[in-house]
Amino acid sequence: MGKNLCKIYSIDEIAANITDVVIESEFIASNAKPGQFLHIDCGDEINNFLRRPISICDVYDNKVRFIFEVKGNGTNRLAAKKRGDILDVLGPLGNGFTVSDEYKQPMIVGGGIGIFPLLNLAKQFDKKAEVFLGFRNKDRLVMENEFKAVSKDVSIVSDDGSCGIKGLVTEPLINRLENGVGDIIYACGPTPMLRAVKTLAEKYKVKCQLSLEQRMGCGIGACLVCSCQTVFTGTKKYKKVCADGPVFWSDEVTLND
Amino acid sequence: MLAVIEGNDKTVVDMKVNIAGVEFKNPVITASGTFGFGKEFSQYIDISKLGGITLKGLTLAPREGNKPPRIAETPAGILNSVGLQNPGIEDFLKDELPAIKNLDTVLIANISGNTIEDYCSIAEKLSDSDIDMIEMNISCPNVKSGGIVFGTQPETVNKITGEVKKHCKKPLIVKLSPNVTDITEIARAAEAGGADALSLINTILGMKIDIHTKRPVLANNVGGLSGPAVKPVAVRMVWQVANAVKVPLIGMGGIMTGEDAVEFMLAGATAVAVGTGMFKDPEMSVKVVNGIEKYLKDKGINDVKELIGAVIPN
């Protein structure tokens with residue numbers, strides 16, 4: 001919460017069209033929880049009227065790191081910023097992942113650009129988390145060593161087998177769940193992956209939190225554009241991804257939007 | 001006559017305006033649908049610095065709104081198709097109003113319905129509340145029944161305004177749709193029906209198509225355009241309506257700065273509303289207040305009311 005003018009400490013392209021940014025902000029760094037996001041003004045209000053919601057990847061000292069894929073004009077302009085430039089950032093926003101000592105065997109599942117908010121989450125579990133990361137191919141593989149440094153184990157999966165195991169990121173997860181391992185699953189990635197993880201959590205009766213994505217307006221819960229369908233005792237209801245989420249318990253969301 | 005003396009920071013500027021007997025400490029209001037029920041923005045601004053706030057549109061029963069995606073970005077603006085998602089009038093009065101009723105700003109409730117009876121019933125329920133004014137939305141482009149169907153024919157505008165007036169003890173603002181051939185006809189009909197003030201413009205119906213998937217970006221296919229893209233249309237309509245009616249106007253559409261607000265006031269608006277711009281900058285409403293004040297000081301004008309309708313047409 002809060003509007004911050006933050007200096008860019010570093011900005012690097014870590015894979016084709018994937019930009020890794022570290023900004024300076026004592027306020028965000030000391031308040032951010034894993035899974036929360038920033039709402040960033042990319043400049044050029046004619047072509048990017050709206051801010052861009054980007055999840056927080058990591059925080060340390062007075063630094064905040066976020067990583068994004070260039071998808072359109074807004075992210076393109078953001079990627080063109082230089083070290084020392086000032087960014088207008090709202091945040092930290094939204095509700096992040098529920099982290100608790102009660103979870104002894106956390107399973108963390110990320111797909112594509114959905115892996116970025118999971119680094120700071122994995123760090124919270126003191127090398128207890130088992131991490132499953134899915135990529136399209138080896139050219140998209142990033143942050144493997146960073147995840148390995150903070151996790152108990154990291155499984156890499158790719159669509160074409162060019163890195164790690166060939167297949168779906170849920171396959172190694174199923175193996176672990178079959179063996180009775182895992183008392184909570186956290187996931188962020190494309191909706192089909194989230195649906196698969198939600199189904200697995202139900203099948204194996206494991207708690208599960210999902211981080212959702214939706215086109216946003218204000219980012220602070222006022223405009224009601226970033227809705228997702230939720231269900232509670234049979235009643236369907238739209239909730240706000242920005243303010244009620246972006247992290248939801250998997251049994252709360254239908255993923256049918 | 002405008003004062004022509006050189007202005008400076010010591011100039012005391014009277015920012016107060018009056019609409020239908022309600023005094024606003026300054027002419028800046030938030031636009032309905034962009035400000036929730038107030039609490040979200042209270043982390044970013046001191047709401048008591050605003051002339052008024054217009055709350056998210058209310059209906060008799062709760063409404064879930066349209067399927068997402070509900071927003072698309074367009075040049076200098078956005079399209080939205082929220083579809084009047086709201087908790088319903090009863091939950092609003094119980095859960096939302098208590099938190100904001102003591103704010104030192106004018107509270108304007110915005111109401112919608114499927115039938116004239118719906119509008120009358122909500123207006124009645126709000127009449128005994130701490131709400132200061134009621135804005136009647138007969139111009140929402142995002143719902144299938146009600147909304148805009150009432151707002152595009154002079155006869156129905158006249159009728160619904162007259163009926164709601166009978167049930168409404170608060171000053172009634174009628175919000176006009178720009179999606180009409182001649183907005184002055186609609187404005188006159190609302191005035192004749194007893195509207196105490198008019199607000200304009202609501203969003204302009206628009207569409208965006210993803211050329212890769214060949215599908216509209218909005219799940220609702222079409223939605224309402226807002227933001228700076230609509231500003232010239234809004235200024236023109238305020239000017240036309242100001243020349244057609246006597247009731248005060250609240251002008252809105254793409255206001256991002258004090259200068260934008262001044263333009264609306266010169267066109268004939270007594271007050272202005274800031275909406276979509278707050279998505280760019282949550283502090284924008286207060287910046288617009290400061291911007292108007294700075295303009296007045298720079299020009300040596302000591303009363304904001306001198307701006308109202310002061311455009312000099314060619």
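Is A:C163 buried or exposed? I looked up its accessibility in this predicted model. At 8% relative accessibility, A:C163 is buried.

**Entry 1. Cysteines**

I next searched every chain for disulfides, and the count came to zero. I then asked how far the sulfur of A:C163 lies from the closest cysteine sulfur. That sulfur belongs to A:C57 and is 18 Å away, too far for a bond. A disulfide would need the two sulfur atoms within 2.5 Å.

In chain B, I checked B:C168. The closest cysteine sulfur to that of B:C168 is in B:C120, at 9.4 Å, so no bond can be assigned to this pair, the distance being too great. B:C168 is buried, with a relative accessible area of 8%.

**Entry 2. The contact between the chains**

I turned to the interface and listed the residues on each side. Chain B contributes 36 residues to the contact, and chain A contributes 32 residues. I recorded the area that chain B and chain A bury between them as about 2,900 Å². Carbon and sulfur atoms account for 59% of that area.

I then examined the polar side of the interface. The rule returns 13 residue pairs in polar contact across it, with both residues at pLDDT 80 or more. Which elements of chain B supply at least two residues each to the side that touches chain A? I noted β5 (71-74), β6 (77-80) and α8 (277-280) of chain B. Sorting that side of chain B by class, I obtained 15 nonpolar, eleven polar and ten charged residues.

**Entry 3. Salt bridges across the interface**

How many salt bridges does the rule find across the interface of chain B and chain A? I found five. One that I inspected joins the side chains of B:D281 and A:K3, with N to O at 2.9 Å. I followed these two residues further and found both in a network of salt bridges. The network links A:K3, A:R51 and A:D88 with B:D281, B:E283 and B:K287.

**Entry 4. Salt bridges within the chains**

Over all chains, I counted 34 salt bridges. I looked up three pairs that lie within a single chain.

In chain A, the side chains of A:K207 and A:E102 form a salt bridge at 3.3 Å, N to O. A:K207 is in strand β12 (residues 207-211), while A:E102 is in the loop between β6 (86-93) and β7 (106-111), so this pair ties together parts of chain A that are 105 residues apart in sequence. I noted A:K207 as partly exposed, with a relative accessible area of 40%.

In chain B, I took the pair B:K125 and B:E90, whose side chains meet in a salt bridge at 3.0 Å, N to O. B:K125 belongs to helix α2 (residues 116-127) and B:E90 to helix α1 (residues 89-100); the two are 35 residues apart, and the pair links distant parts of the chain. Both ends are partly exposed: B:K125 has 33% relative accessibility, and B:E90 has 44%.

The last pair I examined is B:E163 and B:K166, with the closest N and O atoms 3.0 Å apart. Where do B:E163 and B:K166 lie? I located both in helix α4 (residues 154-167) of chain B, three residues apart, about one turn of the helix. B:E163 is partly exposed at a relative accessible area of 25%, whereas B:K166 is exposed at 61%.

Notes: Residues are numbered from 1 along each chain as its sequence is written. Chains are lettered from A and ligands numbered from 1 in the order in which they are written. This is a predicted model: local features need pLDDT of at least 70, side-chain atom pairs count only at pLDDT 80 or more; totals for chains, interfaces and linings use all residues. Side-chain values use heavy atoms; hydrogens and water are left out. Contact means heavy atoms within 4.5 Å. Buried area is the accessible area (1.4 Å probe) that two parts lose on being put together, summed over both. A salt bridge is a side-chain nitrogen of Lys or Arg within 4 Å of a carboxyl oxygen of Asp or Glu. A polar contact is a pair of N or O atoms within 3.5 Å; within protein, one must be able to donate a hydrogen and the other to accept it, and residues adjacent in sequence count only if both atoms are side-chain atoms. Helices (H or I, at least four residues) and strands (E, at least two) are DSSP runs, numbered from the N terminus. Ala, Val, Leu, Ile, Met, Phe, Trp, Tyr, Cys and Pro count as nonpolar, Asp, Glu, Lys and Arg as charged, and the others, Gly among them, as polar. Buried means under 20% relative accessible area, exposed over 50%, partly exposed in between (1.4 Å probe, protein chains only).
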